[in-house]
Amino acid sequence: RKNKFDFSGMFYGGMFRSGNNQRITMETHLDKVWKQNIDATYAKTKYKNLITNFSMNFQFNDKHVMGARHEYKRYIPQSDKWHYLTKVYCNEQFYENSESWMLLNNPSTQHDLSYYYCGIFDDWNIDFNTDVLWNQTESKQQTNELVNLSEERQINTLNKNKGKLYATKLI
């Protein structure tokens, strides 16, 4: 803090690794009853992230103050490797056996920006706040599947998301 000005900031980065140890059973009831037993015990994820935020505040006098804050988040996946073993049953009869290998890539970026002003003019108290949030995510998935030890399938997906939010309040 210097005079009536505050400034603060934070910088954080990390590298994370995680795994999966799940066995999943799903049932779907339609004209037939479908059941999937999924062994998802081999799934490994590794990614890096970066988070920063900066904020400042200025007090003009006892009646007026304003400030702003910005936060930036970036997730950078290194590798997601998942391996699934699935058995499918239809009306309790064996239907299909599959083995899947998935590679995932889903980087994301997010910004949060906030600005505020509080002041007093004569008998009026003013409280103004505005926020802007925006993010972007792109998910890519590549799956190779081997069904009943003979039929190979390759499934590729791409999903892009962009979001923005603007909000303002004046009291």
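Is R69 buried, partly exposed or exposed? R69 counts as partly exposed, at 35% relative accessibility, where buried means under 20% relative accessible area, exposed over 50%, and partly exposed in between (1.4 Å probe, protein chains only).

Before going on, note that this is a predicted model, in which local features need pLDDT of at least 70 and side-chain atom pairs count only at pLDDT 80 or more, while totals for chains, interfaces and linings use all residues. Residues are numbered from 1 along each chain as its sequence is written, and side-chain values use heavy atoms, with hydrogens and water left out.

**R69, E71 and K73**

With R69 still selected, add E71, whose side chain meets that of R69 in a salt bridge of 3.3 Å, N to O (a side-chain nitrogen of Lys or Arg within 4 Å of a carboxyl oxygen of Asp or Glu). E71 is buried at 11% relative accessibility, and its side chain also meets that of K73 in a salt bridge of 3.6 Å; K73 is partly exposed at 21%.

Now select N53, which sits in strand 2 and is buried, with a relative accessible area of 13%. Leaving aside residues up to four places away in sequence, N53 touches S8, G9, M10, R69, H70 and E71, a contact being heavy atoms within 4.5 Å.

**K160 and E138**

Move next to K160 and E138, which form a salt bridge with their closest N and O atoms 3.8 Å apart. This pair links distant parts of the chain, since K160 lies in strand 7 (residues 151-170) and E138 in strand 6 (residues 124-147), 22 residues apart; strands are DSSP runs (E, at least two residues) numbered from the N terminus. K160 is exposed at 57% relative accessibility, whereas E138 is partly exposed at 24%. Elsewhere, select E96, E145, E151 and R153, which salt bridges with shared partners join into one network.

**The largest pocket**

Select Q36, I38, Y84, T86, V88, E96, S98, S100, E145 and R153 to show the lining of the largest pocket. On a 1 Å grid over the protein atoms alone, a pocket is an open set of points where a 1.4 Å probe fits, with protein on both sides within 12 Å along at least five of seven lines, and lining residues have an atom within 4 Å of a point. Strand 2 (33-61), strand 3 (64-90) and strand 4 (93-105) each supply at least two residues of this lining.

Finish at Y84, one of the lining residues, which counts as buried at 16% relative accessibility.

Technical notes:
Helices (H or I, at least four residues) and strands (E, at least two) are DSSP runs, numbered from the N terminus.
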